[in-house]
Amino acid sequence: MKRKTGIRAFSLLLALLLVSVGVVPAVVFDERDEELFSLSFEEGNTVNLNGMKLPELQTDYSQEQVIITAELSPVESSGTSDLTIHEIPSGSIIYHTMDGITRVYSSDGKQILSAVDSMAKKVATPRGFRPATFVSQVPSGSHVIHQDDVTYVFHNGDLILTVLSDQPREYNESLQRNEYMDVGGFNGWIEYAYKNVPQITQFDAYWKTPTCPPSSEFAEPVFLFNGIRTPDETAIVQPVLEYNQPITGQYWTGCCWTLKDGMQDIHSDRITISTGDTLKGELHWSSTSGQWYIQISDITTGEAMSLWSDYVPTTNVQVDVTLEGWNIDGNSDVPGDTRFYDMVYKNNGNSISVNLYRYIASSAPLTGLNVEFISNPTEVVLHTAN
(Lines give C-alpha, C1' and ligand atoms only; values in the text may rest on other atoms or scores of the structure.)
Protein backbone atom coordinates (compact mmCIF):
# COMPACT_ATOMS: atom_id res chain seq x y z
CA MET A 1 0.00 0.00 0.00
CA LYS A 2 1.33 3.42 -0.92
CA ARG A 3 0.52 6.54 1.00
CA LYS A 4 1.63 10.15 0.74
CA THR A 5 3.13 11.40 3.96
CA GLY A 6 3.29 15.06 4.90
CA ILE A 7 6.31 15.67 7.12
CA ARG A 8 5.77 17.92 10.07
CA ALA A 9 9.41 18.82 10.34
CA PHE A 10 9.31 20.02 6.80
CA SER A 11 7.41 23.06 7.62
CA LEU A 12 10.57 24.54 6.50
CA LEU A 13 9.00 27.54 5.23
CA LEU A 14 11.88 28.22 7.39
CA ALA A 15 13.34 30.97 9.39
CA LEU A 16 15.09 33.56 7.32
CA LEU A 17 18.35 31.80 6.74
CA LEU A 18 20.92 32.60 4.13
CA VAL A 19 23.73 30.11 4.19
CA SER A 20 26.85 30.59 2.18
CA VAL A 21 28.09 27.24 0.98
CA GLY A 22 31.19 28.29 -0.83
CA VAL A 23 33.11 30.91 1.12
CA VAL A 24 36.16 29.82 3.07
CA PRO A 25 37.21 32.11 5.92
CA ALA A 26 40.47 33.98 5.72
CA VAL A 27 42.95 31.73 7.48
CA VAL A 28 46.52 32.56 8.44
CA PHE A 29 48.96 29.77 7.55
CA ASP A 30 52.62 29.55 8.36
CA GLU A 31 55.14 29.22 5.53
CA ARG A 32 55.32 25.42 5.48
CA ASP A 33 51.53 25.25 5.17
CA GLU A 34 51.44 27.71 2.31
CA GLU A 35 53.92 25.58 0.39
CA LEU A 36 51.66 22.53 0.62
CA PHE A 37 48.06 23.63 0.98
CA SER A 38 45.77 26.44 0.05
CA LEU A 39 42.09 26.69 0.82
CA SER A 40 39.99 27.46 -2.21
CA PHE A 41 38.06 30.69 -2.06
CA GLU A 42 34.79 30.52 -3.95
CA GLU A 43 32.34 33.37 -3.93
CA GLY A 44 28.73 33.66 -4.90
CA ASN A 45 27.55 30.12 -4.10
CA THR A 46 24.84 31.23 -1.70
CA VAL A 47 21.92 28.95 -0.92
CA ASN A 48 18.68 30.48 0.29
CA LEU A 49 16.86 28.10 2.65
CA ASN A 50 14.10 30.63 3.17
CA GLY A 51 10.92 29.03 1.89
CA MET A 52 12.63 25.82 0.83
CA LYS A 53 9.92 23.24 0.31
CA LEU A 54 10.73 19.56 0.35
CA PRO A 55 8.57 17.24 -1.72
CA GLU A 56 5.63 15.29 -0.39
CA LEU A 57 7.04 11.91 0.55
CA GLN A 58 5.34 8.97 -1.14
CA THR A 59 5.72 6.18 1.43
CA ASP A 60 5.34 2.62 0.21
CA TYR A 61 4.63 0.38 3.22
CA SER A 62 4.57 -2.72 1.01
CA GLN A 63 8.16 -2.26 -0.16
CA GLU A 64 10.43 -5.12 0.91
CA GLN A 65 12.83 -4.06 3.63
CA VAL A 66 16.55 -4.44 3.00
CA ILE A 67 19.48 -4.91 5.38
CA ILE A 68 21.92 -2.01 5.09
CA THR A 69 25.54 -3.14 5.45
CA ALA A 70 27.32 0.14 4.62
CA GLU A 71 26.87 3.88 5.14
CA LEU A 72 23.98 5.52 3.27
CA SER A 73 25.95 7.98 1.17
CA PRO A 74 25.24 10.24 -1.83
CA VAL A 75 28.63 9.56 -3.38
CA GLU A 76 29.78 7.31 -6.17
CA SER A 77 31.46 4.14 -4.99
CA SER A 78 34.86 3.30 -6.44
CA GLY A 79 33.63 -0.02 -7.82
CA THR A 80 32.00 -3.28 -6.91
CA SER A 81 34.73 -4.03 -4.36
CA ASP A 82 33.98 -0.87 -2.37
CA LEU A 83 32.00 -2.08 0.63
CA THR A 84 32.29 1.10 2.68
CA ILE A 85 29.20 2.85 1.32
CA HIS A 86 25.67 2.04 0.20
CA GLU A 87 25.25 4.48 -2.65
CA ILE A 88 22.06 6.51 -2.82
CA PRO A 89 21.25 9.14 -5.46
CA SER A 90 22.40 12.70 -5.01
CA GLY A 91 19.52 14.73 -3.59
CA SER A 92 18.15 11.81 -1.56
CA ILE A 93 16.05 12.34 1.57
CA ILE A 94 16.72 10.05 4.56
CA TYR A 95 13.86 9.80 7.05
CA HIS A 96 14.26 7.97 10.39
CA THR A 97 10.75 7.24 11.67
CA MET A 98 9.35 6.47 15.12
CA ASP A 99 8.84 2.81 14.25
CA GLY A 100 12.59 2.17 13.93
CA ILE A 101 12.55 2.24 10.14
CA THR A 102 14.78 4.31 7.88
CA ARG A 103 13.31 5.17 4.51
CA VAL A 104 15.17 6.81 1.66
CA TYR A 105 13.36 8.94 -0.91
CA SER A 106 14.47 10.44 -4.18
CA SER A 107 14.66 14.21 -4.57
CA ASP A 108 11.10 14.18 -5.96
CA GLY A 109 9.73 12.23 -2.97
CA LYS A 110 9.54 8.67 -4.33
CA GLN A 111 10.56 5.96 -1.88
CA ILE A 112 13.80 4.21 -2.87
CA LEU A 113 14.34 1.82 0.01
CA SER A 114 13.18 0.83 3.48
CA ALA A 115 15.42 -0.64 6.18
CA VAL A 116 15.11 -1.73 9.83
CA ASP A 117 17.67 0.21 11.87
CA SER A 118 18.26 -2.55 14.42
CA MET A 119 19.21 -4.98 11.63
CA ALA A 120 21.71 -2.66 9.92
CA LYS A 121 25.43 -3.37 10.16
CA LYS A 122 27.10 -1.30 12.86
CA VAL A 123 29.67 1.28 11.76
CA ALA A 124 32.43 2.68 13.98
CA THR A 125 32.18 6.44 14.57
CA PRO A 126 33.90 8.73 17.10
CA ARG A 127 30.87 8.28 19.34
CA GLY A 128 30.63 4.51 19.13
CA PHE A 129 29.21 1.87 16.84
CA ARG A 130 26.13 3.15 15.03
CA PRO A 131 23.69 1.53 12.59
CA ALA A 132 24.85 2.12 9.02
CA THR A 133 21.52 3.82 8.36
CA PHE A 134 22.62 6.65 10.69
CA VAL A 135 26.05 7.28 9.11
CA SER A 136 26.82 9.01 5.81
CA GLN A 137 29.99 9.76 3.90
CA VAL A 138 29.84 12.95 1.83
CA PRO A 139 32.33 14.51 -0.60
CA SER A 140 35.19 16.53 0.82
CA GLY A 141 34.24 20.20 1.06
CA SER A 142 30.54 19.53 1.73
CA HIS A 143 28.50 21.83 3.97
CA VAL A 144 26.39 20.28 6.75
CA ILE A 145 23.62 22.65 7.85
CA HIS A 146 21.17 21.92 10.67
CA GLN A 147 17.88 23.82 10.79
CA ASP A 148 14.62 23.02 12.58
CA ASP A 149 15.52 19.35 13.23
CA VAL A 150 16.44 18.82 9.60
CA THR A 151 20.00 18.37 8.31
CA TYR A 152 20.94 19.52 4.81
CA VAL A 153 24.18 18.66 3.02
CA PHE A 154 25.33 20.82 0.10
CA HIS A 155 28.26 20.23 -2.23
CA ASN A 156 29.33 22.75 -4.87
CA GLY A 157 26.08 24.60 -4.23
CA ASP A 158 23.85 21.56 -4.84
CA LEU A 159 21.65 19.95 -2.20
CA ILE A 160 22.94 16.36 -2.15
CA LEU A 161 21.33 15.02 1.04
CA THR A 162 18.51 15.84 3.45
CA VAL A 163 18.05 13.99 6.76
CA LEU A 164 15.25 14.16 9.32
CA SER A 165 14.26 12.00 12.25
CA ASP A 166 11.23 11.46 14.46
CA GLN A 167 13.07 8.97 16.66
CA PRO A 168 13.61 9.90 20.31
CA ARG A 169 17.17 10.22 21.59
CA GLU A 170 16.70 7.24 23.95
CA TYR A 171 15.87 4.91 21.06
CA ASN A 172 18.72 6.33 19.01
CA GLU A 173 21.23 5.61 21.78
CA SER A 174 19.97 2.06 22.31
CA LEU A 175 20.95 1.25 18.73
CA GLN A 176 24.62 1.57 19.68
CA ARG A 177 24.55 -1.94 21.15
CA ASN A 178 26.14 -4.10 18.51
CA GLU A 179 27.61 -7.42 17.48
CA TYR A 180 31.20 -6.20 17.96
CA MET A 181 30.89 -5.08 21.59
CA ASP A 182 32.97 -7.10 24.07
CA VAL A 183 31.36 -7.47 27.48
CA GLY A 184 34.49 -6.32 29.31
CA GLY A 185 35.88 -3.95 26.68
CA PHE A 186 36.41 -0.25 27.37
CA ASN A 187 34.50 2.14 25.16
CA GLY A 188 35.01 5.89 24.93
CA TRP A 189 37.62 8.58 25.54
CA ILE A 190 40.73 6.97 27.04
CA GLU A 191 42.74 10.11 27.80
CA TYR A 192 42.63 13.73 26.73
CA ALA A 193 43.63 17.31 27.47
CA TYR A 194 40.78 19.81 27.57
CA LYS A 195 39.57 23.26 28.46
CA ASN A 196 36.19 24.99 28.48
CA VAL A 197 36.43 28.36 26.72
CA PRO A 198 33.88 31.19 26.56
CA GLN A 199 34.51 31.88 22.87
CA ILE A 200 36.80 30.54 20.14
CA THR A 201 36.93 30.74 16.34
CA GLN A 202 40.16 28.84 15.59
CA PHE A 203 41.78 25.72 17.02
CA ASP A 204 44.68 24.07 15.17
CA ALA A 205 47.01 21.23 16.12
CA TYR A 206 49.85 19.26 14.57
CA TRP A 207 50.70 15.67 15.45
CA LYS A 208 52.70 12.76 14.06
CA THR A 209 50.91 9.52 13.25
CA PRO A 210 51.93 7.09 16.01
CA THR A 211 52.88 3.44 15.71
CA CYS A 212 49.96 1.09 15.08
CA PRO A 213 48.39 -0.92 17.90
CA PRO A 214 50.14 -4.32 18.10
CA SER A 215 46.86 -6.25 18.22
CA SER A 216 45.58 -7.99 15.11
CA GLU A 217 42.03 -8.25 16.47
CA PHE A 218 39.26 -6.95 14.26
CA ALA A 219 36.89 -4.05 15.04
CA GLU A 220 38.78 -2.31 17.84
CA PRO A 221 38.73 1.20 16.35
CA VAL A 222 40.98 3.97 17.65
CA PHE A 223 40.50 7.70 17.06
CA LEU A 224 42.97 10.57 17.61
CA PHE A 225 41.91 14.17 17.07
CA ASN A 226 41.70 17.76 18.11
CA GLY A 227 38.08 18.81 18.44
CA ILE A 228 35.56 21.36 19.63
CA ARG A 229 32.44 20.12 21.38
CA THR A 230 29.54 21.35 23.43
CA PRO A 231 30.11 20.86 27.21
CA ASP A 232 26.99 18.67 27.41
CA GLU A 233 28.65 16.37 24.85
CA THR A 234 25.75 16.56 22.41
CA ALA A 235 27.74 17.82 19.39
CA ILE A 236 31.33 17.91 18.13
CA VAL A 237 33.38 18.93 15.09
CA GLN A 238 36.70 17.13 14.61
CA PRO A 239 39.47 16.29 12.11
CA VAL A 240 40.17 12.64 12.95
CA LEU A 241 42.95 10.08 12.54
CA GLU A 242 41.37 6.59 12.60
CA TYR A 243 42.71 3.05 12.94
CA ASN A 244 41.06 -0.38 12.63
CA GLN A 245 37.79 0.83 11.22
CA PRO A 246 35.72 -2.31 10.49
CA ILE A 247 34.78 -0.88 7.09
CA THR A 248 38.38 -0.01 6.16
CA GLY A 249 40.89 -2.22 7.97
CA GLN A 250 43.95 -2.25 10.19
CA TYR A 251 45.64 0.83 8.85
CA TRP A 252 45.48 4.59 9.45
CA THR A 253 42.92 6.76 7.68
CA GLY A 254 41.97 10.41 8.07
CA CYS A 255 38.70 12.27 7.61
CA CYS A 256 36.56 15.03 9.10
CA TRP A 257 33.56 14.21 11.29
CA THR A 258 30.59 16.22 12.53
CA LEU A 259 28.30 14.61 15.11
CA LYS A 260 25.13 15.79 16.84
CA ASP A 261 22.69 13.88 19.05
CA GLY A 262 19.61 12.78 17.17
CA MET A 263 21.17 13.62 13.81
CA GLN A 264 23.04 11.73 11.11
CA ASP A 265 26.73 11.09 11.80
CA ILE A 266 28.47 12.64 8.80
CA HIS A 267 32.08 12.47 7.65
CA SER A 268 34.12 13.49 4.62
CA ASP A 269 35.94 11.24 2.18
CA ARG A 270 38.98 9.49 3.69
CA ILE A 271 42.69 9.61 2.95
CA THR A 272 45.12 6.77 3.77
CA ILE A 273 47.86 7.77 6.23
CA SER A 274 51.13 6.08 7.22
CA THR A 275 52.87 5.85 10.59
CA GLY A 276 55.25 8.80 10.96
CA ASP A 277 53.29 11.15 8.69
CA THR A 278 52.89 14.69 10.02
CA LEU A 279 49.24 15.73 10.32
CA LYS A 280 47.47 19.00 10.90
CA GLY A 281 43.93 19.31 12.20
CA GLU A 282 42.24 22.67 11.63
CA LEU A 283 39.01 24.14 12.94
CA HIS A 284 38.18 27.65 11.68
CA TRP A 285 34.88 29.48 12.10
CA SER A 286 33.47 31.41 9.15
CA SER A 287 31.22 34.26 10.23
CA THR A 288 30.10 34.54 6.60
CA SER A 289 28.65 31.03 6.46
CA GLY A 290 28.01 30.57 10.18
CA GLN A 291 29.88 27.25 10.07
CA TRP A 292 33.06 25.56 11.21
CA TYR A 293 35.57 24.69 8.52
CA ILE A 294 37.15 21.34 9.46
CA GLN A 295 40.27 20.08 7.69
CA ILE A 296 42.70 17.22 8.21
CA SER A 297 45.92 17.50 6.24
CA ASP A 298 48.72 14.99 5.76
CA ILE A 299 51.66 17.37 5.53
CA THR A 300 53.93 14.51 4.44
CA THR A 301 51.91 13.51 1.37
CA GLY A 302 50.12 16.78 0.60
CA GLU A 303 46.64 15.21 0.84
CA ALA A 304 43.76 16.80 2.72
CA MET A 305 40.03 16.38 3.38
CA SER A 306 37.56 18.96 4.63
CA LEU A 307 34.00 19.49 5.83
CA TRP A 308 31.83 22.41 6.93
CA SER A 309 29.36 22.19 9.82
CA ASP A 310 27.18 24.37 12.03
CA TYR A 311 26.59 21.61 14.62
CA VAL A 312 28.70 23.43 17.26
CA PRO A 313 28.57 27.12 18.29
CA THR A 314 31.58 29.35 18.98
CA THR A 315 30.61 30.22 22.57
CA ASN A 316 30.77 28.13 25.75
CA VAL A 317 32.49 25.15 24.14
CA GLN A 318 35.25 22.71 25.07
CA VAL A 319 38.50 22.14 23.17
CA ASP A 320 40.15 18.73 23.36
CA VAL A 321 43.05 16.65 22.06
CA THR A 322 41.98 13.07 22.53
CA LEU A 323 42.77 9.36 22.31
CA GLU A 324 39.56 7.39 21.97
CA GLY A 325 38.93 3.67 21.53
CA TRP A 326 36.15 1.08 21.37
CA ASN A 327 36.29 -2.59 22.40
CA ILE A 328 39.61 -1.88 24.12
CA ASP A 329 40.65 -4.73 26.44
CA GLY A 330 44.42 -4.34 26.76
CA ASN A 331 47.57 -2.39 25.92
CA SER A 332 47.91 -4.11 22.54
CA ASP A 333 44.73 -2.37 21.35
CA VAL A 334 46.09 1.19 21.53
CA PRO A 335 48.78 2.99 19.49
CA GLY A 336 52.10 4.41 20.62
CA ASP A 337 52.50 7.84 22.22
CA THR A 338 51.04 10.80 20.33
CA ARG A 339 52.50 14.30 20.60
CA PHE A 340 50.21 17.19 19.71
CA TYR A 341 52.18 20.40 19.17
CA ASP A 342 52.10 23.96 17.79
CA MET A 343 48.50 24.23 18.93
CA VAL A 344 46.78 27.52 18.19
CA TYR A 345 43.77 28.98 20.01
CA LYS A 346 42.24 32.19 18.67
CA ASN A 347 39.08 34.22 18.76
CA ASN A 348 38.49 36.53 15.82
CA GLY A 349 42.19 36.45 14.97
CA ASN A 350 43.40 37.17 18.50
CA SER A 351 45.16 34.57 20.66
CA ILE A 352 43.21 33.53 23.74
CA SER A 353 44.49 32.35 27.11
CA VAL A 354 44.05 28.59 27.58
CA ASN A 355 45.28 26.39 30.42
CA LEU A 356 44.57 22.76 29.61
CA TYR A 357 43.50 20.14 32.14
CA ARG A 358 44.08 16.39 31.87
CA TYR A 359 41.72 13.42 32.03
CA ILE A 360 42.59 9.72 32.13
CA ALA A 361 39.84 7.09 32.21
CA SER A 362 40.39 5.09 35.40
CA SER A 363 38.20 2.26 34.11
CA ALA A 364 40.31 1.68 30.99
CA PRO A 365 42.11 -1.72 31.22
CA LEU A 366 45.40 -0.08 30.25
CA THR A 367 48.74 0.78 31.82
CA GLY A 368 51.20 3.54 30.99
CA LEU A 369 48.55 6.19 30.36
CA ASN A 370 49.60 9.78 31.00
CA VAL A 371 48.68 13.20 29.70
CA GLU A 372 51.97 15.10 29.76
CA PHE A 373 52.12 18.86 29.26
CA ILE A 374 55.42 19.69 27.56
CA SER A 375 54.30 23.29 27.19
CA ASN A 376 50.74 24.00 28.28
CA PRO A 377 48.66 24.67 26.16
CA THR A 378 50.68 24.32 22.94
CA GLU A 379 52.33 20.89 23.33
CA VAL A 380 50.80 17.76 24.89
CA VAL A 381 51.80 14.09 24.78
CA LEU A 382 49.18 11.36 25.19
CA HIS A 383 51.20 8.44 26.54
CA THR A 384 50.37 4.72 26.33
CA ALA A 385 52.31 1.60 27.26
CA ASN A 386 53.39 1.29 23.61
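**Note on aromatic pairs and the strands around β27**

1. Arg339 stands opposite Val381, a residue of β31. The model discussed here is predicted. The two strands concerned, β27 and β31 (residues 379-383), run antiparallel and are joined by 3 bridges. Arg339 also has a ring contact: it lies over the face of Tyr341, 4.3 Å from the ring centre.

2. β27 has a further partner in β17, and these two strands pair in the antiparallel sense over 5 bridges. Within this pairing, Trp207 has Phe340 of β27 as its bridge partner. Both residues return in point 5, where their rings are considered.

3. The pairing of β27 with β28 (residues 350-351) is antiparallel as well, over 2 bridges. Here Lys346 stands opposite Ser351 of β28. The two strands form a hairpin that leaves 2 residues between them. Asn348, in the turn, has a positive phi of about 55°. As general background for reading such strands, side chains in a regular strand alternate between the two faces of the sheet.

4. How many aromatic pairs does a search of the whole structure find? The search gives 11. One of them joins Trp189 and Tyr192, with an edge-to-face arrangement, 4.9 Å from centre to centre and 85° between the planes. The label follows because planes over 60 degrees apart count as edge-to-face. Trp189 has 16% relative accessibility and Tyr192 a relative accessible area of 10%, so Trp189 counts as buried and Tyr192 does too; the cut-off for buried is under 20%.

5. Trp207 and Phe340 form another aromatic pair, this one tilted: the centres are 5.0 Å apart and the planes 40° apart. Trp207 belongs to β17 (residues 202-208) and Phe340 to β27 (residues 338-347), so the pair ties together parts that are 133 residues apart in sequence. Trp207 is buried at a relative accessible area of 0%, and Phe340 is likewise buried at 0%. The ring pair thus involves two residues that are also bridge partners.

6. Which residues do ring pairs link into a cluster? They are Trp189, Tyr192, Tyr194, Phe225, Tyr357 and Tyr359. The edge-to-face pair of point 4, Trp189 with Tyr192, has both of its residues in this list.

7. Trp326 is placed in β26 (residues 315-328). Its relative accessible area is 10%, so Trp326 is buried. The side chain of Trp326 makes a polar contact with the side chain of Glu324, at 2.8 Å. Trp326 and Arg127 are 199 residues apart in sequence, yet their C-alpha atoms are 9.2 Å apart in space.

8. Is Tyr61 buried or partly exposed? Tyr61 is partly exposed, since its relative accessible area is 38% and buried requires a value under 20%. Tyr61 is found in the loop between β4 (57-60) and β5 (71-73). Measuring along the sequence, Tyr61 and Arg103 are separated by 42 residues; C-alpha to C-alpha, the distance in space is 10.0 Å.

Methods
Residues numbered from 1 in each chain as written. Predicted model: local features only at pLDDT ≥ 70, side-chain atom pairs only at ≥ 80, totals over all residues. Heavy atoms only, no water. Phe/Tyr/Trp six-rings, centres within 6.5 Å; stacked < 30°, edge-to-face > 60°. Buried < 20%, exposed > 50% of the residue type's maximum accessible area, 1.4 Å probe, protein only. Helix = DSSP H or I, 4+ residues; strand = E, 2+ residues; numbered from the N terminus. Lys NZ or Arg CZ within 6 Å of the ring centre and 35° of its normal. Pairing = 2+ DSSP bridges. Polar contact = N/O pair within 3.5 Å; in protein donor to acceptor, adjacent residues only side chain to side chain.
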